[in-house]
Amino acid sequence: MASARNIANKLFVAKLPWTACRESLTEHFKQYGQILSSKVMFDLKSGRSKKYGFVFFKDEEACEKAMGNQPHFIEGQKVFVELMTTPPAGSSESRNPRRNRQNER
């Protein structure tokens with residue numbers, strides 16, 4: 001069975017404080033290298049943070065530095081950081097990621 005692949009220059013960041021925004025992620029992670037972009041996900045109806053986001057570095061080395069320097073704290077709160085992965089080809093997760101995320105609760 002195929003396994004998920006790491007995406008070398010992208011981080012998934014979870015357990016963010018409610019007040020965290022894109023600038024919070026950029027400010028914290030820029031110490032590890034050049035950031036191409038960052039984003040925090042928000043609920044479209046309520047406008048509230050979903051308490052997770054993504055950081056996209058210019059290169060793998062910056063991402064490796066960030067991963068090697070755990071734990072991370074943003075706005076005083078410890079956050080969960082891991083390399084982003086792509087789902088295995090042909091998996092149900094690759095066909096319907098929303099359904100699978102809801103099932104992970």
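Biologist: What percentage of the 105 residues in the protein chain is buried?
Modeller: This is a predicted model, where local features need pLDDT of at least 70, side-chain atom pairs count only at pLDDT 80 or more, and totals for chains, interfaces and linings use all residues. Residues are numbered from 1 along each chain as its sequence is written, and side-chain values use heavy atoms, with hydrogens and water left out. Buried means under 20% relative accessible area, exposed over 50% and partly exposed in between, with a 1.4 Å probe and protein chains only. On that cut-off, the buried share of the 105 residues is 32%.

Biologist: What average pLDDT does the protein chain have?
Modeller: pLDDT is the predictor's confidence in each residue, from 0 to 100. Here 75% of the residues score at least 70, and the chain average is 82.

Biologist: And over which residues is the pLDDT below 50?
Modeller: That stretch has eight contacts in the model beyond near neighbours in sequence, a contact being heavy atoms within 4.5 Å. The pLDDT is below 50 over residues 93-105.

Biologist: In what pattern do the helices and strands follow along the sequence?
Modeller: Helices (H or I, at least four residues) and strands (E, at least two) are DSSP runs, numbered from the N terminus. The protein chain has four helices and five strands. Read along the sequence, they give β-α-β-β-α-β-β-α-α.

Biologist: Which residue stands opposite Ser-49 in β3?
Modeller: Strands β2 (residues 35-42) and β3 run antiparallel and are joined by six bridges; two strands pair if DSSP finds at least two bridges between them. They make a hairpin with six residues between them, and Gly-47 in the turn has a positive phi of about 80°. Strand β3 itself (residues 49-57) is mostly covered, with seven of its nine residues buried. Facing Ser-49 in β3 is Phe-42.

Biologist: Which element gives the largest share of the largest nonpolar core?
Modeller: A nonpolar core is a set of buried Ala, Val, Leu, Ile, Met, Phe, Trp, Tyr and Cys residues joined through side-chain atoms within 4.5 Å. The largest one has 17 residues, and those touching the most other members include Leu-11, Val-13 and Phe-29. Elements giving two or more residues to this core are β1 (5-14), α1 (22-29), β2, β3, α2 (60-68) and β5 (77-86). The largest share, three residues, comes from α2.

Biologist: How many residues are in the other core that lies apart from it?
Modeller: Ile-7, Ala-14, Tyr-52 and Phe-54 are among its members. The count for that core is six.

Biologist: Is Cys-63 buried or exposed?
Modeller: Cys-63 sits in helix α2. Leaving aside neighbours within four places in sequence, Cys-63 is in contact with Ala-8, Asn-9, Lys-10, Leu-11, Phe-57 and Leu-83. Because its relative accessible area is 1%, Cys-63 counts as buried.

Biologist: Which side chain makes a polar contact with the side chain of His-28?
Modeller: His-28 is found in helix α1 and is buried, with a relative accessible area of 15%. Setting aside neighbours within four places in sequence, His-28 is in contact with His-72, Phe-73 and Ile-74. A polar contact is a pair of N or O atoms within 3.5 Å; within protein, one must be able to donate a hydrogen and the other to accept it, and residues adjacent in sequence count only if both atoms are side-chain atoms. At 2.8 Å, the partner of His-28 is the side chain of His-72.
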